Amino acid sequence: MTSAALFLLSAAVLALELILVRLFAISHWHHFAHLVISTALLGFGAGGTFVTIFSNPLGKKPLQAASVFALAMAVSIPIVLKLSQLVPLDELQIIWDYRQLIYLSLYYLLFFIPFFFAACTIAVIFTAFGQNATRLYFFNMAGSGLGTAVIISLMYGNAPQQLLLAISAIAFLSSALFASGILRIKAVFILLLGALYIFIFSPFGFFHLDIKISENKSLVYYRNIPKSETIATRYSPLARIDCLSAPSIRNFPGLSIAYQDELPAQMLLISDADSTTAVNHFTETNQLNCYRHTTSALAYHIIDKPDTCIIGSGGGSDIAQAVIFAAKQITAVEMNAQILSLIDKQLKDFSGNIYGRKNVNVVIAEGRNFLETTKEKFDLINISLLDSFTASAAGLYALNESHLYTIEAIEKNLEKLNENGVLSITRILKWPPRDSLKMLATVKEALIRRGVKNPAQNIIMIRGWSTATIVVSPAEFSEIQTKNAQDFAHDNSFDLIHIPGIRAEQANRFDVLDKPYYYNAAQAILSDEADKFYNRYDYYIRPAADDRPYFFDFFKLKSMPKMIKTFGKRWLVFSEWGYIVLVANTIQAITASIILIVLPLLFCKPLKKIKTGKMNILIYFICLGLAYMFLEMGFIQKMTLLIGRPVFGVAATLVSFLFFSGLGSLTASKLKKLSSNTPVFIRYTIAALIIIGLAEILLLNHQFDYLVAFSLPARIILAVALPAPLAFLMGIPFPTALQAVHRKAEVLVAWSWGANGFASVIAAVLGTLGAISAGFTIVAVTALALYIIAAVVCKNILADS
């Protein structure tokens, strides 16, 4: 029963982590995922420390202790969510309101609790039964893998707060199984208590769980406008989708200030409570004429009646624009099937059956992956406003990976165009300028890589009051195309940023700035002095690449003093504070780890009795914790890009790493028979791990285009299979060393677990900082170097095992 209970508890822990990431994406923003991950791992480290300090009393009745800790986890999950809703956290006010730092710390403390109890459960079991560490580690990792797969499948159609109750139920069951090894009546009592407890927090109970959404998110704003009505709410691992209607809804980004005619009625589809896409009501196409007067209409004045591909078709506004301009064929690529289902069924009449038109071909796929796999070519590829205005303006996307806006992605777009085709990209305008300038820099670099000697002749860029549109072609624009673009901009009061042969007096004429900032920046970017401009510019606007896919990372540390001096207390508004939050989270995680994991161990009496080897144990398990997380993060990034669907990419990678690591652990005792010397066995394992790791890094960096050409089922199989050999070997050093440490002294087992947890906390945030600064390849190579260090020190701690 012990193994089964451990299996279930491990499944509950990973499921809880993934559900909280989803919950925070809805209630706050994506960057809170780092808080969840570091909090979870901090809980694991602190749990190991706690068990180390109290190893004597806990070791006397380990199954009873494990049952109590698992029960505490089960009870704490809904209470923690309920209490967190009472914390008035407003992350956008942190710079002005010092109380928000206290509220953020309260969030940390609250969500630390269930992970702490889970860690105590696992640490007690490993300490008491350390002689079976390799077998226990298998059930630990296999349970985690199953929890990942099951919870992601359950996210379809189920609200996160309800899934938390399912996780709580699993923890109750785990507690009962631990108790059944002592007295069966206790197990029955725990199950009955669990059923009653979950009912209390269910939709039929007294304390119904709900999600409190940040006041800064779009959904809260639109819900509060007069006569607002929620038509539907849908859940999936990709997003929560809310469909709202209200008479006053007007969502026409990029619309000319000169447009005075009627606008169609709209409904909004709001993703994760913030990112909006409009569904237009029309019965005749002329009711959509407003879309002739947005900056994104520029491309249709350069190429007539194009065969069009729309990336991220959403509510259908870009399809409406293509229809108005008589596009011959429209390929609408949308990743979220729930959006398509809502429009095709519930909103079919309202939307004019926009997706059901004869010349509209619907593809459910992620945009980059569609372009990687399709054999079609287009006259126009349109990528327009796929991000939230609110989050983008606040700098909250700084931590988001985006494989749609890298140099390689733009190259792939250009490759899928017909000879004189165009790529149109529309971005939100930010002040000071950065987003649209970085996209211009990316487009230029992609053209250069394709052998274009003078990219300025292949690019046209305009801006309105809220958006900028870049149109780029593999071929130079003709004089007629340039003239058409100029006339379109003039007629709609859009400002020219760049056209071939532009003169300074042609820029900054309608939405007049005190200086022609955009024009000046564009000229610098398109010149031979671009590098110097990038270096002196206040924001990081060098192009993003697949190895560093952080397009929204504009932060420059050296610019902070100038920002503070120029904007005073408002400086954070003009900075990419998602990055600052990550740095703050790193400092917070390190501080909390030292307080909750390291310092208590310094005063632990059982540890003081052990005079030698503790430092080497610390180094060994810290290296393993850092290395495992770094490699896992790198593979998640690559497998997500390979599959093309973030949910499947994360799920496949985690399942592969966890299951095959567990399998490696299970077979470690048999493999160890090949060598009676534990340090030698671990070193051989790490040597094989490094060879395979380097081979896979080279394969993914140099043969990726070959792999991505396979069908979706084949790519999913590859995403599970590719990490498998590496994960199998990665599952051996930790439990093998833990088993050897147990033979030395039981108290060292929980301490080793705590050291590994400390490293994992740090790795979660350091890995992201490393990927942003140096790229995922460097992070992965660093992981292999850490394994080498572990191999070196293992002899000193395991020599007599």
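Helices are DSSP runs of H or I with at least four residues and strands are runs of E with at least two, both numbered from the N terminus. The views below show a predicted model, in which local features need pLDDT of at least 70 and side-chain atom pairs count only at pLDDT 80 or more, while totals for chains, interfaces and linings use all residues. Residues are numbered from 1 along each chain as its sequence is written, and side-chain values use heavy atoms, with hydrogens and water left out.

**View 1. The second largest cavity and the helices that line it.**
A cavity is a set of points on a 1 Å grid over the protein atoms alone where a 1.4 Å probe fits but cannot get out; lining residues have an atom within 4 Å of a point. Points are joined across faces, edges and corners, and a volume is the space filled by probe spheres set on them. The structure has 7 cavities of 30 Å³ or more, and the second largest holds about 110 Å³. Helix 22 (614-643), helix 24 (678-702) and helix 30 (776-798) each give at least two residues to its lining. Helix 22 provides the largest share, 5 residues. The lining includes Leu631, Gly634, Phe635, Gln637 and Lys638. Ile697, Leu700 and Asn701 also belong to the lining, as do Phe776, Thr777 and Ala780. Asp547 is another lining residue.

**View 2. Arg368 and its two salt-bridge partners, Glu372 and Asp546.**
A salt bridge is a side-chain nitrogen of Lys or Arg within 4 Å of a carboxyl oxygen of Asp or Glu. The structure holds 18 of them. One joins the side chains of Arg368 and Glu372, with 2.9 Å from N to O. These two residues are 4 places apart in helix 12 (residues 367-373), which means that about one helical turn separates them. Residues three or four places apart in an α-helix point the same way because the helix has 3.6 residues a turn. Buried means under 20% relative accessible area, exposed over 50%, and partly exposed in between (1.4 Å probe, protein chains only). Glu372 is buried, with a relative accessible area of 11%, and Arg368 is buried with 3%. Arg368 also forms a salt bridge with Asp546, the closest N and O atoms lying 2.8 Å apart. This second pair links distant parts of the chain: Arg368 is in helix 12, whereas Asp546 is in the loop between helix 18 and helix 19 (560-567), 178 residues apart. Asp546 is buried, as Arg368 is. A network of salt bridges links Arg368, Glu372 and Asp546 with Lys412 and Glu415.

**View 3. Residues around Arg427 and Pro432.**
Arg427 and Asp435 form a salt bridge, with 2.8 Å between the closest N and O atoms. Both residues of this pair are buried. Pro432 sits in the loop between strand 9 (417-428) and helix 15. The peptide bond joining Trp431 and Pro432 is cis, with omega about -5 degrees.

**View 4. Ser27 and Lys217 in contact.**
Contact means heavy atoms within 4.5 Å. Ser27 belongs to helix 1 (residues 2-27) and is buried, with a relative accessible area of 4%. Leaving out residues up to four places away in sequence, Ser27 touches Ile211, Lys212, Ile213, Ser214 and Lys217. The C-alpha atoms of Ser27 and Ser214 are 5.7 Å apart, although the two residues are 187 apart in sequence. Lys217 lies in the loop between helix 8 (184-201) and helix 9 (218-223). Among the residues that Lys217 touches, on the same sequence limit, are Ala25, Ile26, His28, Trp29, Asp272 and Ala273. Lys217 is buried yet has no salt bridge. Its nearest side chain of opposite charge is Asp274, 5.6 Å away (Lys and Arg count as positive, Asp and Glu as negative; His and the chain ends are not counted).

**View 5. Helix 17 and what covers its buried residues.**
Helix 17 spans residues 517-525, and its buried residues are Tyr518, Tyr519, Ala521, Ala522, Ala524 and Ile525. The elements covering them include helix 15 (435-449), strand 10 (459-463), strand 12 (495-498) and helix 18 (530-536).

**View 6. Two loop residues with positive phi, Lys227 and Asn508.**
Lys227 is not a glycine, yet its phi is positive, about 60 degrees. Lys227 is in the loop between helix 9 and strand 1 (229-235) and counts as exposed, with 71% relative accessibility. Asn508, also a residue other than glycine, has a positive phi near 60 degrees. Asn508 lies in the loop between strand 12 and helix 17 and counts as buried, with 15% relative accessibility.

Key. On a 1 Å grid over the protein atoms alone, a cavity is a set of points where a 1.4 Å probe fits but cannot get out, and a pocket is an open set with protein on both sides within 12 Å along at least five of seven lines; lining residues have an atom within 4 Å of a point.
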